[in-house]
Amino acid sequence: MVGSTAGAAASHKAGTPAEDYLCGRIRRAEQALMGHHEAVLRGHGLTMTQYTVLLALSAEPDLSGAQLARACGVTQQTMATVLTGLHKKDLITRTPSPAHAKVLLTSLTDQGRTVLDNAYQEVIVLERALARAFAPEEHAALCALLERATSVLTEQTPRRP
């Protein structure tokens with residue numbers, strides 16, 4: 001690890017611009033993606049996290065706040081705020097779990113499904129444009145490379161004790 005850090009420092013001192021680093025390129029791609037999605041979703045009155053919750057609930061209804069927090073990669077406190085906002089917009093319902101009275105299960109309302117479907121129709125346009133930008137074998141290779149990069153990023157992330 002020290003050797004790789006020393007190599008990066010030497011490369012930086014040698015004048016390699018930060019934008020040539022792979023992590024910087026991944027970050028710029030992620031920022032462009034998020035910027036696009038946020039602009040599209042704003043037109044539907046949604047944040048990216050709210051959209052992700054609606055997507056998760058469309059795939060599997062009756063999820064708890066803790067399950068949704070894990071699925072969306074946010075804290076339970078953040079999810080509680082997100083769910084409150086979605087409930088106020090009548091996009092979700094929350095009902096007590098038959099197994100655990102203190103646990104609320106969340107499902108889409110008809111209005112929530114309509115909002116999700118409308119937002120999805122705009123979000124999928126970018127996915128299709130990206131797919132068309134690559135030959136099928138390039139698309140498959142890019143997906144595999146991104147999966148590998150994600151694995152390395154996850155493995156290198158320090159864990160909290």
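Reader: Which helix gives the most to the lining of the second largest pocket?

Author: Happy to start there, with the reminder that this is a predicted model. The second largest pocket holds about 160 Å³ of space, and its lining consists of Leu22, Cys23, Ile26, Ala149, Val152, Leu153 and Gln156. Two elements give two or more residues to that lining, helix 2 and helix 7. The one that gives the most, with 4 residues, is helix 7.

Reader: How many residues of each class, nonpolar, polar and charged, are in the lining of that second largest pocket?

Author: Good thing to check while the names are fresh. Gln156 is part of the lining, and glutamine belongs to the polar class. By class, the count is 6 nonpolar, 1 polar and no charged residues.

Reader: Moving on to the largest pocket, which helix provides the largest share of its lining?

Author: The largest pocket has a volume of about 1,100 Å³ and is lined by 28 residues. Helix 2 (22–42), helix 3 (48–59), helix 6 (110–132) and helix 7 (136–156) are the elements that each give two or more residues to this lining. The largest share is 10 residues, and it comes from helix 2.

Reader: And how do the residues of the lining of the largest pocket divide into nonpolar, polar and charged?

Author: Look towards the centre to begin with: Ala29, Leu33, Glu127, Leu130 and Leu146 lie nearest to it. Glutamate counts as charged, while alanine and leucine count as nonpolar. Over the lining, the division is 20 nonpolar, 4 polar and 4 charged.

Reader: How are helix 4 and helix 5 oriented, roughly parallel or roughly perpendicular to each other?

Author: Helix 4 (residues 65–72) and helix 5 (residues 76–88) pack with their axes 9 Å apart, at an angle of about 105°. Angles of 65 to 115 degrees count as roughly perpendicular. The two helices are therefore roughly perpendicular to each other.

Reader: Which residues of helix 5 make the contact with helix 4?

Author: On the helix 4 side, the contact is made by Gly65, Ala66, Leu68, Ala69 and Cys72. By class, the contact has 6 nonpolar, 2 polar and no charged residues. The helix 5 residues are Gln76, Met79 and Leu83.

Reader: Which strands stand at the edges of the open sheet, each with a single partner strand?

Author: The open sheet has 3 strands in the order 1-3-2, with antiparallel pairing. Each edge strand has a single partner, so one side of it is left without a neighbour in the sheet. The edge strands are strand 1 (63–64) and strand 2 (92–96).

Reader: Which residue in strand 3 is the bridge partner of proline 96?

Author: Strand 2 and strand 3 (residues 104–108) pair in the antiparallel sense over 5 bridges. In strand 3, the bridge partner of proline 96 is leucine 104.

Conventions:
Residues numbered from 1 in each chain as written. Predicted model: local features only at pLDDT ≥ 70, side-chain atom pairs only at ≥ 80, totals over all residues. Heavy atoms only, no water. Axes fitted to C-alpha atoms, helices over the stretch in contact; angles between N-to-C directions. Parallel < 35°, antiparallel > 145°, perpendicular 65-115°, else oblique. Contact = heavy atoms within 4.5 Å. 1 Å grid on protein atoms, 1.4 Å probe; cavity = no way out; pocket = protein on both sides within 12 Å on 5 of 7 lines; lining within 4 Å. Points joined across faces, edges and corners; volume = space filled by probe spheres on them. Pairing = 2+ DSSP bridges.
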